[in-house]
Number of protein chains: 2
Amino acid sequence: MTASFPKGRTVTGERRRAEARQSVTMRDVANLAGVGIATVSRVVNNTGSVTPELVEKVQEAARTLGYRHDATASSLRRADRRTGTVALVLEDVSNPFSSALHRAVSDAAAERGILVLSGSSDESPERERELVETFTARRADGLIVVPTGRADATIEAARRLGIPVVAVDRMVRLDSVDTVTVDNQEGTARAAARLRDLGHRRVAYFGDLATIWTARERFTGFTSVFPDVPPALIRRELHSIDAAEDAARALLALPEPPTAFISGQNLITIGIRRVLQDSGLERRIALTGFDDFPLADLLSPGVSVIAQDPAALGAEAARLLLSRLDGHNGPARHSVVPTRYIARGSGEIRAAAGEAPAAAEVRAPGR
Amino acid sequence: MTASFPKGRTVTGERRRAEARQSVTMRDVANLAGVGIATVSRVVNNTGSVTPELVEKVQEAARTLGYRHDATASSLRRADRRTGTVALVLEDVSNPFSSALHRAVSDAAAERGILVLSGSSDESPERERELVETFTARRADGLIVVPTGRADATIEAARRLGIPVVAVDRMVRLDSVDTVTVDNQEGTARAAARLRDLGHRRVAYFGDLATIWTARERFTGFTSVFPDVPPALIRRELHSIDAAEDAARALLALPEPPTAFISGQNLITIGIRRVLQDSGLERRIALTGFDDFPLADLLSPGVSVIAQDPAALGAEAARLLLSRLDGHNGPARHSVVPTRYIARGSGEIRAAAGEAPAAAEVRAPGR
DNA sequence: ACGTTTCCTGGAAACGTTTCCCGGTACGCT
DNA sequence: AGCGTACCGGGAAACGTTTCCAGGAAACGT
């Protein structure tokens with residue numbers, strides 16, 4: 001009895017299922033309800049029309065059997081081949097910017113019963129490539145990507161497969177993908193101009209990896225206001241708090257240290273601030289950072305930032321993607337969401353009168 | 001020619017596919033390579049053994065045709081029915097604790113080529129239920145859940161379907177699920193004892209919703225050290241920064257305000273600190289929070305915390321889940337990962353000599 | 001009252017894959 | 001040389017679903 005089963009058609013299947021406690025299928029439900037399998041499908045998806053009486057019978061049967069719809073089988077057969085899944089490639093699921101974006105996308109998707117797959121590229125093109133490929137293999141209905149900028153070929157491949165893609169936070173050269181970005185240049189330029197107006201001339205710029213589109217944009221914004229800052233005050237390729245700290249320490253040791261810092265990114269801002277604070281300079285040297293971070297307001301002085309709204313970014317990306325899923329088929333669209341300058345103090349510090357403030361002056365208590 | 005197709009077997013399929021630019025299947029590859037479809041499958045999964053020569057031919061064909069493996073069809077037919085997906089139900093994808101956990105799980109999964117589906121329950125049992133049900137419909141191979149504690153029935157249902165579940169951060173009453181939690185009681189008790197040893201007697205406790213297991217545990221830890229703190233100093237059901245701020249303000253207005261606060265959670269800690277800081281009391285009244293948060297060290301004084309390690313939590317949860325996927329079938333296991341007290345200053349403030357410091361004394365400049 | 005349309009239902013054919021099973025070839029052993 | 005074994009490859013049957021199609025009953029119009 002346990003060894004082998006007769007070769008008969010359905011008998012084998014049902015026996016095996018019963019034996020192995022396999023999942024209960026539409027056929028089981030159909031049998032119990034005494035209807036055709038097609039009817040069960042119609043009831044489950046409540047599509048087509050079926051007599052209320054039968055609906056009740058089917059639902060009853062499904063309930064007693066503990067039937068669970070199988071989404072994979074469904075999407076395999078379904079005409080549109082939809083899986084009800086969108087995939088999200090972030091830089092790092094755990095950083096605040098990414099995760100706020102994640103949340104916004106997730107919410108927009110959930111509203112339509114769509115699930116979100118996600119992964120972290122860690123700024124690595126290979127990893128991005130892997131993720132995009134896995135996601136397309138999983139037949140995600142659409143892709144939202146924060147592109148590293150060096151795996152565009154893979155994104156294009158996904159596009160050619162007919163999967164809609166929207167690039168978020170960073171522009172991408174392909175003309176088949178929607179993008180939603182932030183006005184990086186404008187925001188940085190505005191913050192820079194503000195420092196200029198406060199009398200700052202020696203303004204240091206600390207930026208992220210130049211492979212990152214936003215980093216380049218922000219830097220451009222900076223140079224548009226300070227076209228001839230000495231190269232010694234410019235550091236790029238900074239991608240961690242530690243790197244930023246080292247660089248900041250180095251600049252402060254200069255004979256003519258900067259009177260203000262502009263940071264192109266979160267972690268850099270924190271690194272600079274930490275060094276400033278360690279040296280007791282946080283009230284003497286101005287600091288403005290791109291991208292807000294939690295608790296920036298609790299520090300004293302508060303850290304002024306050019307805030308972007310990752311949730312808005314995510315929501316807009318989701319909107320674009322969902323419209324594609326709804327069949328919209330126009331040319332690529334490019335949304336730009338505005339930044340907002342938040343004055344908290346650190347960006348409102350005036351330049352000291354002299355080019356290089358005397359040490360004594362520097363150490364004076366801030367208030 | 002465009003209207004209808006002859007009824008012949010393969011012809012129809014191929015024509016249609018060509019016409020509609022459908023995805024290319026194994027059959028297409030098999031045809032081009034001049035092999036059987038089974039061989040293509042073997043090559044793609046590199047299982048079984050097939051002549052190097054044929055492998056080459058198949059890969060060549062796959063390449064020229066741009067063949068993409070279809071994971072949904074694959075998992076449908078596959079004997080183990082694996083989808084290569086685990087699902088993660090968090091409280092909120094975008095909060096630092098959740099997202100760090102997310103990241104750890106994601107990394108462990110990625111190592112095995114497993115993808116992660118995620119969703120936010122927002123502490124709502126209905127939402128948790130929905131998520132778990134959707135995930136099981138999607139046939140996720142396993143589930144990692146931060147349970148609200150009020151949707152256990154659904155979790156049990158998933159378990160009965162044979163899907164391994166691990167509950168993380170919070171205990172769950174079911175004996176079919178592995179759990180990994182933090183030593184909430186012990187950690188809180190230790191921090192409380194420390195305050196007691198610094199002379200504090202009027203210690204306020206601010207806790208999260210009592211429906212949350214961790215909140216109850218932490219509170220228990222607190223009362224074990226301060227069994228008879230006046231009820232006025234105890235606030236629970238706090239779940240946002242704002243709520244914590246209001247409560248903190250109210251307590252400070254008391255004739256006998258507390259000399260120390262213990263916070264059961266991140267946002268509460270921040271709320272308390274903000275109020276303390278607004279009142280210039282951050283150096284007079286002690287504050288210890290459960291769960292670390294970024295920049296806690298940059299404030300001054302730094303905020304002392306009972307730190308948990310969400311990444312470790314996630315990694316352990318992933319480990320437990322993956323072992324189940326690998327076939328481990330023992331009874332439920334319960335991991336407890338330790339907390340760590342981080343002294344940064346705010347938790348090291350001594351109690352003032354008098355029971356209720358005079359107003360003048362309180363307002364004196366901190367330094 | 002009869003033809004025609006509409007509606008509901010069930011059987012069966014896909015969807016793209018894995019896996020079972022069997023035929024065939026090559027090889028090793030006696 | 002003959003036999004057995006091991007191995008490789010292909011055809012076809014699943015997996016659980018949706019969708020096509022056709023049949024039958026009911027409703028409708030004249």
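How far is a phosphate oxygen of DNA strand C from a polar backbone atom of B:Met26? In this predicted model, the two atoms are 2.6 Å apart. That contact is a handy way into the structure, so to speak, and the rest of strand C comes next.

**Around DNA strand C**

There are 31 residues around DNA strand C, and the ones that come nearest are A:Thr39, A:Ser49, A:Thr51, A:Arg77 and B:Tyr67. What part of the DNA do the protein atoms meet? Looking at the atoms of strand C within 4 Å of the protein, 65% are sugar or phosphate atoms, and the rest sit in bases.

Chain B has further contacts with the phosphates here. An N or O atom in the side chain of B:Ser41 lies 2.7 Å from a phosphate oxygen of strand C, while for B:Asp70 a polar backbone atom is 3.3 Å from one.

Which helices help build this surface? Helix 3 (37-44) and helix 5 (71-77) of chain A each bring at least two residues, and so do helix 3 (37-44) and helix 5 (71-77) of chain B. Helix 5 of chain B gives the most, with 4 residues. Sorted by class, the surface near strand C has 12 nonpolar, 11 polar and 8 charged residues.

**Around DNA strand D**

Now for DNA strand D, which has 32 residues around it. A:Tyr67, B:Thr39, B:Ser49, B:Thr51 and B:Arg77 come nearest. Of the strand D atoms within 4 Å of the protein, sugar or phosphate accounts for 64%, with bases making up the rest.

Here are some of the polar atom pairs with strand D:

| Residue | Protein atom | DNA strand D atom | Distance |
|---|---|---|---|
| A:Asn45 | polar side-chain atom | phosphate oxygen | 2.8 Å |
| A:Arg77 | polar side-chain atom | base oxygen | 3.2 Å |
| B:Thr39 | N or O atom in the side chain | phosphate oxygen | 2.5 Å |

Helix 1 (9-20), helix 3 and helix 5 of chain A each supply at least two residues of the surface near strand D, as do helix 3 and helix 5 of chain B. The largest share, 4 residues, comes from helix 5 of chain A. By class, this surface has 12 nonpolar, 11 polar and 9 charged residues.

**Where the two chains meet**

Chains A and B also touch each other: 46 residues of chain B are in contact with 46 residues of chain A. About 4,100 Å² is buried between them, and carbon and sulfur atoms give 57% of that area. On the chain B side, B:Arg103, B:Arg138 and B:Leu298 supply 17% of the area that chain B buries against chain A, more than any other three residues.

How many salt bridges are there between chain B and chain A? The count is 10. In one salt bridge, the side chains of B:Arg274 and A:Asp297 meet at 2.8 Å, N to O. There are also 28 residue pairs in polar contact between the chains, both residues being at pLDDT 80 or more.

Several elements of chain B supply at least two residues each to the side that touches chain A: helix 5, helix 6 (96-110), strand 2 (115-120), helix 7 (125-137) and helix 12 (266-278). Helix 7 of chain B gives the most, with 6 residues. This side of chain B has 18 nonpolar, 15 polar and 13 charged residues.

Finally, strand 2 (residues 115-120) of chain A pairs with strand 2 of chain B in the antiparallel sense, over 3 bridges. Within that pairing, A:Val116 has B:Ser118 as its bridge partner.

Key:
Residues numbered from 1 in each chain as written. Chains lettered and ligands numbered in written order. Predicted model: local features only at pLDDT ≥ 70, side-chain atom pairs only at ≥ 80, totals over all residues. Heavy atoms only, no water. Near = heavy atom within 4 Å. Polar contact = N/O pair within 3.5 Å; in protein donor to acceptor, adjacent residues only side chain to side chain. Nonpolar A, V, L, I, M, F, W, Y, C, P; charged D, E, K, R; others polar. Contact = heavy atoms within 4.5 Å. Buried area = accessible area lost by both parts, 1.4 Å probe. Salt bridge = Lys/Arg side-chain N within 4 Å of Asp/Glu carboxyl O. Pairing = 2+ DSSP bridges.
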